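Thanks for coming. I will go through one structure today, starting with the ligand and then working outward along the strands.

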Amino acid sequence: MMTPMRYVVLVLGIIISLHFILSFSHEDYGRATSISRITTQFKGVSGPRVAGGAPEEYYTHGGGADAEGRRANAAFVILARNGDLQGISSSVKQMEDRFNKKFKYPYVFLNEEPFSEKFKRQINNIISSTAEFGLIPHDHWYQPDTIDEEKASKARQAMVKGNVIYGGSVPYRNMCRYNSGFFYRHELLQKYKYYWRIEPDVMFYCDIDYDPFLLMQDQNKTYGFTVSLYEYPETIASLWSTVKEFIQENQELLSPDNAMSFISDDHGETYNRCHFWSNFEIADLDLWRGEAYTKFFDHLDEKGGFYYERWGDAPVHSIGAALFSRKDQIHFFNDIGYKHNPFQHCPQGDAHTRGKCWCDPKENFDYEWYSCLKRYDSMF
Ligand SMILES: Nc1nc2c(ncn2[C@@H]2O[C@H](COP(=O)(O)OP(=O)(O)O)[C@@H](O)[C@H]2O)c(=O)[nH]1
Ligand SMILES: [Mg+2]
């Protein structure tokens, strides 16, 4: 005869074995029962922040603007070359089909060369709203004379040798610097408060039946993203020391309750290389136009790291958004299914069903080892 104690031990043993088998064989079970998830729930937060979509009242049930006919002061912003026409057409067509044929937000296209007639004609034919095509002022785009070209070209050669992606490219650096500190100064964007950035060859997998701009506006959000990940260290060797200098000299410009813990694991001593992937952005232009970010960008630009290294607009925007916003002003657009090669965010569960998404829910970057979403979650 077994004593009652032996029964208890046996049953416990079976439960623990089952738990381990399920954790390894069923991803969802493993996630739902992970220690971090359980401790989060004990802290009184109902699961990851990312679980929710937009509040019910934002859904339009077939129409365009919300129930009260409200619209935001917003536009799509697309930086592109004439040669990007096919990739841009693909992205824009999907944006129209999934969202904008109902909501009809205008587009602003920007280029350092004049857009061709063919480009303008094809885009105007695809969209249901209006588009403006802007020329970028020379000084906003090209490498400034203050940059020591010899030093910059040595840095490029070293990056080519080190196989750093776009390491040898000056145009790519112009683009990163432009996106970091200039696009929002373009005259065509002055009239807008919010923008949604679109790149060539991206995928929008789900119907978006509510207005993300209104959500940003009503909830006083400054920055919205779908994918976050780690930056290549070779491209940003001195970025964080430059940021730290700025912080030391400008403490008063930092937002209270900011998102420092998304970008640093040691209260700002080092950068953990997490950034929001800026090929998708829905953001408040006033974040960039404000005093804090303006001074921040000028400080970075003076150091020349856009050319002496290869600082990307993604870490620069992300650090700016994290320092100069409250953490709850940064929004994860969980219900927007999105891919920019090679990573995608595919909504899960109810969000996948509601958006009639066609991405495979199993192909989802959210909690892959190279994703930073867990750090975003743990801020809340
Ligand atoms: N006008 C212009 N746009 C560019 C240039 N280089 C890149 N872009 C745009 O900048 C964005 C980022 O470039 P992309 O090639 O997608 O870079 P990746 O996503 O980092 O691989 C895209 O919207 C491109 O169309 C350029 O030299 N001129
Ligand atoms: Mg791209």
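**The ligand and the strands around it**

The shell around ligand 1 is made up of five nonpolar, two polar and four charged residues. Before I name them, please note that this is a predicted model. The residues surrounding ligand 1 are Leu79, Ala80, Arg81, Asp84, Asn111, Glu112, Pro171, Met175, Glu199, Pro200 and Asn279.

Now some figures for the whole chain. The protein chain has 17 helices and 12 strands. It runs to 380 residues, and 38% of them are buried. If we take contacts between residues at least 6 apart in sequence, 81% of them join residues at least 24 apart.

Let us turn to strand E1, which covers residues 74-79. Is E1 enclosed or open to the outside? Six of its six residues are buried, so E1 is largely enclosed by the rest of the structure. The cover is on both faces: Ala74, Phe76 and Ile78 are buried on one side, and Ala75, Val77 and Leu79 are buried on the other. One of these, Leu79, also belongs to the group surrounding ligand 1.

Which strands does E1 pair with? One partner is strand E4, residues 194-197, and the two run parallel over four bridges. Within that pairing, Ala75 stands opposite Tyr195, and Val77 stands opposite Arg197. The other partner I want to show is strand E2, residues 107-111, again parallel and again over four bridges. Here Val77 has Val108 as its bridge partner. To get from E1 to E2, the chain passes through helix H4, residues 85-103, and this β-α-β crossover is right-handed. As a reminder, strands of a sheet pair through backbone hydrogen bonds, either parallel or antiparallel.

The antiparallel case comes up when we move on from E4. Strand E4 pairs with strand E9, residues 281-284, in the antiparallel sense over four bridges. In this pairing Arg197 stands opposite Glu281. So far, then, Arg197 has appeared opposite Val77 of E1 and opposite Glu281 of E9.

Glu281 deserves a moment of its own. The residue sits in strand E9. UniProt lists Glu281 under "active site", and that comes from an unreviewed entry. Is Glu281 buried or exposed? With 23 other C-beta atoms within 10 Å, Glu281 is buried; the cut-off for that is 20 or more. Leaving aside residues up to four places away in sequence, Glu281 touches Arg197, Gly224 and Phe225.

Last, a separate group of strands. Three strands form an open sheet in the order E5-E11-E12, with antiparallel pairing. Strand E5, residues 203-204, and strand E12, residues 343-345, stand at the edges with a single partner strand each, so one side of each has no neighbour in the sheet. Strand E11, residues 338-340, pairs with E12 over three bridges in the antiparallel sense. One facing pair there is His340 in E11 and Phe343 in E12.

To recap the path we followed: E1 pairs with E4 in the parallel sense, E4 pairs with E9 in the antiparallel sense, and E9 holds Glu281. That is the end of my part.

Methods:
Residues are numbered from 1 along each chain as its sequence is written. Chains are lettered from A and ligands numbered from 1 in the order in which they are written. This is a predicted model: local features need pLDDT of at least 70, side-chain atom pairs count only at pLDDT 80 or more; totals for chains, interfaces and linings use all residues. Two strands pair if DSSP finds at least two bridges between them. A residue is buried if 20 or more other C-beta atoms lie within 10 Å of its own, exposed if 12 or fewer, and partly exposed in between; C-beta atoms are placed from the backbone. A crossover is right-handed if, with the strands pointing away from the viewer, the path from the first strand over the helix to the second runs clockwise. A residue is near a molecule or strand if its C-beta atom, placed from the backbone, lies within 6 Å of it. Ala, Val, Leu, Ile, Met, Phe, Trp, Tyr, Cys and Pro count as nonpolar, Asp, Glu, Lys and Arg as charged, and the others, Gly among them, as polar. UniProt positions are given in the numbering used here, feature names are shortened, and annotations may be inferred rather than shown by experiment. Two residues are in contact if their C-beta atoms, placed from the backbone, lie within 7 Å.
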